[in-house]
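Work through the exercises below with the structure open. Try each task before you read its solution.

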Amino acid sequence: MKREEYPRPQFVRDNWMNLNGVWEFAFDDHDRGMAEKWYQSDRTFDQQINVPFVYQTELSGINSQETHEIVWYKRRFELEADAERERVLLHFGAVDYEATVFLNGMMVGHHIGGHTPFTIDISPFIAEELLEQVLTVRVYDPRYDERIPRGKQTWDETPHSIWYTNTTGIWQTVWLERVAHTYIDTVLFTPNIDDGSVKVTVDLVNYVENQWIAYEIKLKDVVVAAGKWQIKSNFNEIIVQLNQQKVFRSAFHDSGWYWSPERPNLFDVHFKLIGEEGVLDQVDSYFGMRKIHTEKGMVYLNNKPYYQKLILDQGYWPESLMTAPSDEALKRDIELSKEMGFNGCRKHQKVEDPRFLYWADQLGFLVWGESPSAHYFSKESIDYVTNEWKEIVKRDYNHPSIVTWVPFNESWGIGEIGRDRQQQHYTQALYHLLHALDPSRLVISNDGWEMTESDIAAVHNYQHGQVAEVKKFDKYIEDIHTKSGVLSSQSANRAIYAEGFTHQGEPILLTEFGGIGYKVGEQAGWGYTTVNSEEDFVLEYERVVKEVFNSEVIFGFCYTQLYDVEQEINGLLTYDRQPKCSLDKIKEINNQYHPNMISPK
């Protein structure tokens, strides 16, 4: 199986080469020094691996769960040098955790961070006398270092509780692109539905005089705006008016041209970079006219109250862990969620493949974007997490499906935030940094409890108990039905807000709950409560979810979870995405109950 689809659907060029597939591979349990030094020694690549699947997976062709903190990759490919007219960019979608890259024996790049992309201009290192180029990658993944962002990956010897098999190495697509000496580096779209415009930001590399950018914006293959402007620097910005004084393009009478889960309208954009010698670069992209904000204790989508019915999605597969086995698998998870009546997901403790976000944009599916947490607080963990978040926002800024950023979860990596002012400052700093980098989305400071500054009061509560535990269920109802109950409740013996912080009127959402365990076949595992039949599974889901809908203060939820993962058997689907019950019945429950209030009390 090979991942052959274009890996970056928000920024598409025609001239590219996919480097996925069979690479030479080796474990290295002795290299503890500088990669450059060990590169010069004789190295035996005694295995093969199917990139982008990590060695711990079945689809890699190796399927070993042994710990190897250092691994090496080698790939040969044919490429002619053209230094005078073209540049060659080498892209890695994600490499977990620290990558050092060599081309033809020379070190060409280095990246720290296991979940975000990086690009290297390899033009100066291409062997001009040879068609065959040799690409080598050293990866260091410190298995036991709890300061690095690792999310749900275990740092113990084996998976247990809520921690899964770890991932080491290249786990997203590797590819090449040819570009001109001057080329488009990034394109950002910032929609403003209140005045019907979109701000378009285009950054170039190696700007020279007498160049222009031409653009064409289409909606459903109809050109709605086009233009051309002369550029004066590497940084370029214009505002394009889309409503053009036409009321039906707004949502005044209906949904207009806006993006939503119900009507995922997308504008396709084609850019040309033009110089005196002709077209230098061409890029295809897209955006959606979408606004998210909070008001009167509710979340508003496109200036209207919007009740979010989210599902917790871990982004794991049994045969391939964090790498989807196919593009269709990413799409199918969204389709299954929508079939059950969910309008979005909280992509939990993972920076998901851009192809998932593409399908969320196309199909109409809200996404809360997270990053994997570090698990020990230190100055190093602050650097690691903050650097990855800057790269996350840069990569995913244009996706209309993403409506919320979640930089912290359940005080992981900030274990003393309840009373430690330093850790509180850290969450506040990242909250404000994300708003500074991206003014178009909501930010949650610490999903679950011990929040500081936050746009949503994101509460976790798994205390519904078994059917026979009447008193426990009554307490669950009390905790989620009134504001005083929610704000005074505790999960894991932790308060909803950290010391010195209180609820400031932000919307209250139940962002983790349920987790009902239902074992299918011979699988072993656990859930927060358990049932033993499909009928009881549906009844238990309805019992727990119904009380959320009946709450006077909760305005949206995220149910745990979409599918089983390893030892967790609390999904609505099995790990291989087989339904545990009728999806129509889950959808009927999700659609049966609606808040009967105009606004939370």
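## Exercises on a predicted model

D221 is exposed, with a relative accessible area of 67%. The model is predicted.

**Exercise 1. Place D221 and describe its backbone, then do the same for Q349.**

Step 1. Locate D221: this residue sits in the loop between β15 and β16.

Step 2. Check its phi. The angle is near 70 degrees, a positive value in a residue other than glycine.

Step 3. Turn to Q349, found in the loop between β24 (344-347) and α3. Q349 is not a glycine either, yet has a positive phi of about 55 degrees.

Step 4. Is Q349 buried or exposed? Buried means under 20% relative accessible area. Q349 has 3%, so Q349 is buried.

**Exercise 2. Work out the sheet that contains β15 and β16.**

Step 1. Write down the strand order. The open sheet has four strands, β16-β15-β18-β19, with antiparallel pairing.

Step 2. Find the edges. β16 (222-230) and β19 (278-287) each have a single partner strand, so one side of each is left without a neighbour in the sheet.

Step 3. Add the twist. Neighbouring strands of this sheet are turned by 15 degrees against each other on average, direction ignored.

Step 4. Look at one pair. Strand β15 (residues 212-219) and β16 are joined in the antiparallel sense over eight bridges. Within this pair, Y215 stands opposite G227 of β16.

**Exercise 3. Treat the sheet of β20, β21 and β22 in the same way.**

Step 1. Take the order: β20-β21-β22, an open sheet of three strands with antiparallel pairing.

Step 2. Which strands stand at the edges? They are β20 (292-295) and β22 (304-305); each has a single partner strand, so one side of each lacks a neighbour in the sheet.

Step 3. Count the bridges. Four of them join β20 to strand β21 (residues 298-301). H293 has Y300 in β21 as its bridge partner.

**Exercise 4. Describe the β7-β8 hairpin and the peptide bond before it.**

Step 1. Start with the pairing. Strand β7 (residues 98-103) and strand β8 (residues 106-112) run antiparallel and share six bridges. F102 faces M107 in β8.

Step 2. Inspect the turn. Two residues lie between the strands of this hairpin, and N104 in the turn has a positive phi of about 55 degrees.

Step 3. Step back to Y97, in the loop between β6 (95-96) and β7. The peptide bond from D96 to Y97 is cis, with omega near 20 degrees.

Step 4. Find another cis bond. V51 and P52 are joined by one, with omega of about 20 degrees. P52 lies in the loop between β3 (47-51) and β4 (70-78).

**Exercise 5. Classify the packing of α4 and α5, and follow K390 through it.**

Step 1. Read the geometry. Helix α4 (residues 379-396) and helix α5 (residues 421-437) pack at about 20 degrees, with axes 11 Å apart.

Step 2. Apply the cut-off. Angles under 35 degrees count as roughly parallel. α4 and α5 are therefore roughly parallel to each other. Their crossing is right-handed.

Step 3. List the contact. S381, I382, V385, T386, W389, K390 and V393 of α4 meet Y426, L430, L433, L434 and L437 of α5. By class, the contact has nine nonpolar, two polar and one charged residues.

Step 4. Follow K390, in helix α4. Leaving out residues up to four places away in sequence, K390 touches L433 and L437. K390 and L434 are 44 residues apart in sequence and 8.0 Å apart in space, C-alpha to C-alpha. K390 is partly exposed, with a relative accessible area of 41%.

**Exercise 6. Classify α2 with α3, and α8 with α9.**

Step 1. Take helix α2 (residues 327-339) and helix α3 (residues 354-363). Their axes come within 9 Å and cross at roughly 40 degrees. The two are therefore oblique to each other.

Step 2. Name the residues. D327, L330, K331, I334, E335 and K338 in α2 meet R355, F356, W359, A360 and L363 in α3. These divide into six nonpolar, no polar and five charged.

Step 3. Take helix α8 (residues 534-549) and helix α9 (residues 583-592). They pack at about 15 degrees, with axes 10 Å apart. α8 and α9 are therefore roughly parallel to each other.

Step 4. Give the handedness. The crossing of α2 and α3 is right-handed. The crossing of α8 and α9 is right-handed.

Definitions and conventions
Residues numbered from 1 in each chain as written. Predicted model: local features only at pLDDT ≥ 70, side-chain atom pairs only at ≥ 80, totals over all residues. Heavy atoms only, no water. Axes fitted to C-alpha atoms, helices over the stretch in contact; angles between N-to-C directions. Parallel < 35°, antiparallel > 145°, perpendicular 65-115°, else oblique. Left-handed = near helix turned anticlockwise from the far one by under 90°. Contact = heavy atoms within 4.5 Å. Nonpolar A, V, L, I, M, F, W, Y, C, P; charged D, E, K, R; others polar. Pairing = 2+ DSSP bridges. Buried < 20%, exposed > 50% of the residue type's maximum accessible area, 1.4 Å probe, protein only.
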